[in-house]
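Hi,

Here is the structure I promised to pass on. Have a look at it first, and my notes follow underneath.

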Protein chains: 2
Amino acid sequence: MITLEDIYAAEKRISTYLNPTPLLYSHLLEQKLNKKIWLKLESQLPTGSFKARPAFNNILMHEKEAKKHGVVAFSAGNFAQAVAYAANLLGLSATIVMRENTSPYKIQRTKNLGAEVVLCGNSYEERTETTLGIQKETGKILLEPYNSPETIAGDGTLGLELIKQLGKELDQCTILVPVSGGGLIAGIAFAVKTLNPTCQVIGIQPKANGSLAKSLQAGLCVNVGSFTTIADVLSLPQMGEQPFEIIKKWVDDVILVEEDEIKTATHYFLEQHKLVVEPSGAVPLAALLSDRVKAEKVICVISGGNINITW
Amino acid sequence: MITLEDIYAAEKRISTYLNPTPLLYSHLLEQKLNKKIWLKLESQLPTGSFKARPAFNNILMHEKEAKKHGVVAFSAGNFAQAVAYAANLLGLSATIVMRENTSPYKIQRTKNLGAEVVLCGNSYEERTETTLGIQKETGKILLEPYNSPETIAGDGTLGLELIKQLGKELDQCTILVPVSGGGLIAGIAFAVKTLNPTCQVIGIQPKANGSLAKSLQAGLCVNVGSFTTIADVLSLPQMGEQPFEIIKKWVDDVILVEEDEIKTATHYFLEQHKLVVEPSGAVPLAALLSDRVKAEKVICVISGGNINITW
């Protein structure tokens with residue numbers, strides 16, 4: 001299991017390459033919802049999502065080996081781009097395994113960042129098999145997108161930034177975090193609630209997914225089977241065992257949001273708030289707009305901004 | 001002519017209704033262009049552009065009369081929305097005169113904010129005639145979008161915010177400002193350079209427009225005739241006489257940007273920076289990307305974010 005020291009070490013490690021992300025106070029949403037609302041803009045990180053945090057922490061923790069053999073990772077899109085970016089900056093080779101049904105936009109962006117993309121079948125099993133095959137054949141270091149201490153510690157650096165950015169104002173805040181594999185919410189909940197136990201952390205998922213609610217109910221990681229959602233990077237049917245152990249202890253609640261609510265929230269960001277937020281990053285706002293968040297002070301973790309838009 | 005006191009008074013007046021806009025440090029652009037670059041996000045104001053500043057200052061300076069008779073304004077879109085919003089919030093009636101060729105998106109947004117929209121012919125003369133006709137008939141207070149001290153003082157509040165937000169770091173900064181009627185750059189240049197003479201202020205226009213460069217050359221407001229540009233709110237053929245008097249004295253330089261450069265900059269904001277910026281608000285970045293800004297420390301005034309996007 002991770003410790004606070006692991007997260008501080010990750011923060012120090014990645015600070016050469018990544019800057020803290022802006023915490024934007026939303027006067028617009030305050031006026032609309034009569035709450036204090038901050039937006040933690042992970043979309044401002046290189047490659048447009050929080051995944052740059054775990055990508056750099058993972059690679060830097062295994063830098064010597066990674067420089068020798070390169071790295072391999074599987075990803076629905078955002079981790080892929082972050083690994084490709086970090087590997088390129090650190091001067092090492094990256095292979096990314098992506099499902100055939102990944103959006104061409106995300107595949108192209110990953111290639112543009114200098115990574116080799118290997119497409120595989122659409123099932124979880126095919127993806128794992130292809131990835132492990134490449135790892136065995138090439139000796140490349142496997143980077144876990146959510147199920148490893150390196151990743152959870154990297155994700156947890158977001159929590160340390162909130163502690164610094166809000167100070168006393170963080171007391172009694174509720175933090176809304178999109179959940180798929182569980183690494184992000186595990187890192188944030190552990191870091192923030194260890195340092196400020198007055199905070200609440202709530203996981204948000206599309207109703208079509210619901211793996212977090214079902215797993216918390218069952219007390220173990222439930223596989224919810226295949227489904228589709230507009231929040232495409234929140235589409236893992238099963239959370240990681242390692243983040244789940246932390247989540248069980250530290251996460252306070254789960255809110256499930258409808259597809260329509262996710263669309264409305266994404267549109268609101270584009271139309272009214274003038275921010276590009278992907279549907280998966282808009283689920284905290286979907287929960288807020290549907291009036292299911294009772295807290296008076298809320299932080300929305302805007303996990304990413306990678307959507308294909310035209311004008 | 002305006003004084004610093006007018007701008008401080010405007011700041012106090014509008015502060016009940018508007019919050020200072022975020023000044024976002026762009027690590028992304030620093031990495032790309034090897035300069036310190038800040039983005040002044042006027043897109044975060046209600047109705048998505050800087051125009052909320054002069055709209056509130058104008059109405060509040062004539063509040064008693066405006067409450068009695070209502071207000072009338074002409075606008076290509078952003079001032080329209082801002083006046084509609086302010087009038088609605090202050091509980092008075094607003095009529096907005098817009099050209100028939102204004103985008104249906106902007107017309108609809110203005111109506112949604114509760115204003116009455118009157119369409120007129122596409123020439124400058126037809127617009128003026130229609131507006132003055134309504135003023136005469138109804139007694140409504142005419143709000144000038146750029147050619148009045150009330151408006152320039154309202155626009156100047158942006159400059160006061162930069163002084164506070166950057167402190168000593170503002171020394172030697174170059175501020176890039178989109179120019180159409182000239183109110184915004186006049187207000188900013190006057191406020192900032194009076195308080196910090198080490199700053200430079202540069203006006204940015206589409207090459208298709210060029211009214212600022214030609215007027216500075218001629219020493220008087222030149223009408224450049226009709227033209228089209230993707231930066232649709234920078235399409236006035238002639239600047240206002242009042243802002244021009246200030247501009248002549250305080251503005252350091254002009255940069256003209258090509259249509260392609262404006263498109264690239266707008267795309268960059270959407271794709272890479274995850275910010276919704278209208279083409280007119282992206283002209284400072286267009287100037288930067290085309291390598292025509294020599295300064296080491298640059299502030300881009302992102303004047304608005306009102307574009308119709310889909311995803």
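Let me start with disulfides: this is a predicted model, and over all chains it holds zero of them. C300(A), for one, is in no disulfide, and the nearest cysteine sulfur, which belongs to C173(A), is 11 Å away. C300(A) counts as buried because its relative accessibility is 0%. Over in chain B, C199(B) is in no disulfide either; there the nearest cysteine sulfur is that of C173(B), at 5.8 Å. Since a disulfide needs the two sulfur atoms within 2.5 Å, that pair doesn't qualify. C199(B) is buried too, with a relative accessible area of 2%.

Salt bridges are another story: the count comes to 28 over all chains. Here are three you might want to find on screen.

E161(A) and R53(A) pair up through their side chains, at 2.7 Å from N to O. E161(A) sits in helix α8 (residues 149-166) and R53(A) in helix α3 (residues 52-61) of chain A, so this salt bridge ties together parts that are 108 residues apart in sequence. Both ends are buried: E161(A) has 9% relative accessibility, and R53(A) has a relative accessible area of 2%.

K193(A) and D252(A) also meet in a salt bridge, again with 2.7 Å from N to O. K193(A) belongs to helix α9 (residues 183-195) of chain A, while D252(A) is in the loop between α11 (241-250) and β9 (253-257), so the parts being tied together are 59 residues apart in sequence. At 12% relative accessibility K193(A) counts as buried, whereas D252(A), at 34%, counts as partly exposed.

In chain B, look for D232(B) and K106(B), whose side chains form a salt bridge at 3.5 Å, N to O. This pair links distant parts of the chain, 126 residues apart: D232(B) is in the loop between α10 (211-218) and α11 (241-250), and K106(B) is in helix α6 (residues 104-112). D232(B) is partly exposed at 31% relative accessibility, but K106(B) is buried, with a relative accessible area of 1%.

Going back to chain A, some salt bridges share partners, and they join K40(A), E42(A), R53(A) and E161(A) into one network.

One last thing, this time on the surface: where does negative charge gather in a patch? The residues to pick out are E100(A), E125(A), E126(A) and E129(A). One of them, E125(A), lies in helix α7 (residues 124-138) of chain A, and at 52% relative accessibility E125(A) counts as exposed.

Cheers

Key: Residues numbered from 1 in each chain as written. Chains lettered and ligands numbered in written order. Predicted model: local features only at pLDDT ≥ 70, side-chain atom pairs only at ≥ 80, totals over all residues. Heavy atoms only, no water. Patch = residues over 30% accessible without salt bridge, like charges linked within 9 Å, V, L, I, M, F, W, Y side chains within 5 Å. Areas by Shrake-Rupley, 256 points an atom, 1.4 Å probe, with all protein chains shown as cover. Salt bridge = Lys/Arg side-chain N within 4 Å of Asp/Glu carboxyl O. Lys, Arg positive; Asp, Glu negative; His and termini not counted. Charge placed at Lys NZ, Arg CZ, Asp CG, Glu CD. Helix = DSSP H or I, 4+ residues; strand = E, 2+ residues; numbered from the N terminus. Buried < 20%, exposed > 50% of the residue type's maximum accessible area, 1.4 Å probe, protein only.
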